[in-house]
Amino acid sequence: MRKLTFICAFLLYFSCKTEEAQMVELSCGQCQFGLTSQDGCDLAVRLNDKAYFVDGADIDDFGDAHDEQTGFCEVVRKAEVTGNVEDNRFKVSSIKLID
């Protein structure tokens, strides 16, 4: 019975674990971060000097990706994100652009 209680508590703790917001660079993985594992223009984050494609948000969710002033294919922007790296991709829960 004690083992079952411990296992339930352990699973409950990890299932309720909340993600913390992190500051990252956000841009086009191909145009700005040099990622080559997929074609086209796709949203990516650079976290701890490593870039990851993003799952859960699209590059055009924030306007025209090719806008000269704000487009992710043209500039690298700062953002506060929640999410985590899984299978070498960043699974995003939220994105708040800082600049």
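A salt bridge here is a side-chain nitrogen of Lys or Arg within 4 Å of a carboxyl oxygen of Asp or Glu. With that in hand, a search of the whole structure, which is a predicted model, turns up 5 salt bridges. The close-ups below pick out some of these, plus a patch of charge.

**View 1. Glutamate 25 pairs with arginine 46 in a salt bridge.** Look for the closest N and O atoms of this pair, which sit 2.6 Å apart. Glutamate 25 belongs to strand E1 (residues 22-28) and arginine 46 to strand E2 (residues 43-47), so the contact links distant parts of the chain, 21 residues apart. How much of each partner can be reached from outside? Glutamate 25 has a relative accessible area of 23%, so it goes down as partly exposed. Arginine 46 is partly exposed too, at 28%.

**View 2. Lysine 78 also forms a salt bridge with glutamate 25.** Here the closest N and O atoms are 3.6 Å apart. Lysine 78 comes from strand E4 and glutamate 25 from strand E1, so this pair ties together parts 53 residues apart in sequence. Lysine 78 is partly exposed, with a relative accessible area of 40%.

**View 3. Aspartate 55 and arginine 89 meet through their side chains.** This is another salt bridge, at 2.8 Å from N to O. Because aspartate 55 lies in strand E3 and arginine 89 in strand E5 (residues 89-97), the pair ties together parts that are 34 residues apart in sequence. Aspartate 55 is partly exposed, with 22% relative accessible area, and arginine 89 is partly exposed as well, with 23%.

**View 4. Glu25, Arg46 and Lys78 make up one network.** Put the first two views together and you get this one: the salt bridges share partners, and that joins the three residues. As a reminder of the chemistry, side chains of opposite charge can pair when their charged atoms come close.

**View 5. A patch of negative charge gathers on the surface.** Which residues make it up? They are Asp58, Asp60, Asp61, Asp64, Asp67, Glu68 and Glu74. To get your bearings, start with aspartate 60, which sits in the loop between strand E3 (50-55) and strand E4 (77-86). Is aspartate 60 buried or exposed? Neither, quite: its relative accessibility is 48%, so it counts as partly exposed, since the exposed label needs over 50%.

Notes. Residues are numbered from 1 along each chain as its sequence is written. This is a predicted model: local features need pLDDT of at least 70, side-chain atom pairs count only at pLDDT 80 or more; totals for chains, interfaces and linings use all residues. Side-chain values use heavy atoms; hydrogens and water are left out. Patches are made of residues with over 30% relative accessible area and no salt bridge: like charges are joined within 9 Å, nonpolar side chains (Val, Leu, Ile, Met, Phe, Trp, Tyr) within 5 Å. Accessible areas come from the Shrake-Rupley method with a 1.4 Å probe; for residues, only the protein chains shown count as cover. Lys and Arg count as positive and Asp and Glu as negative; His and the chain ends are not counted. The place of a charge is taken as NZ of Lys, CZ of Arg, CG of Asp or CD of Glu. Helices (H or I, at least four residues) and strands (E, at least two) are DSSP runs, numbered from the N terminus. Buried means under 20% relative accessible area, exposed over 50%, partly exposed in between (1.4 Å probe, protein chains only).
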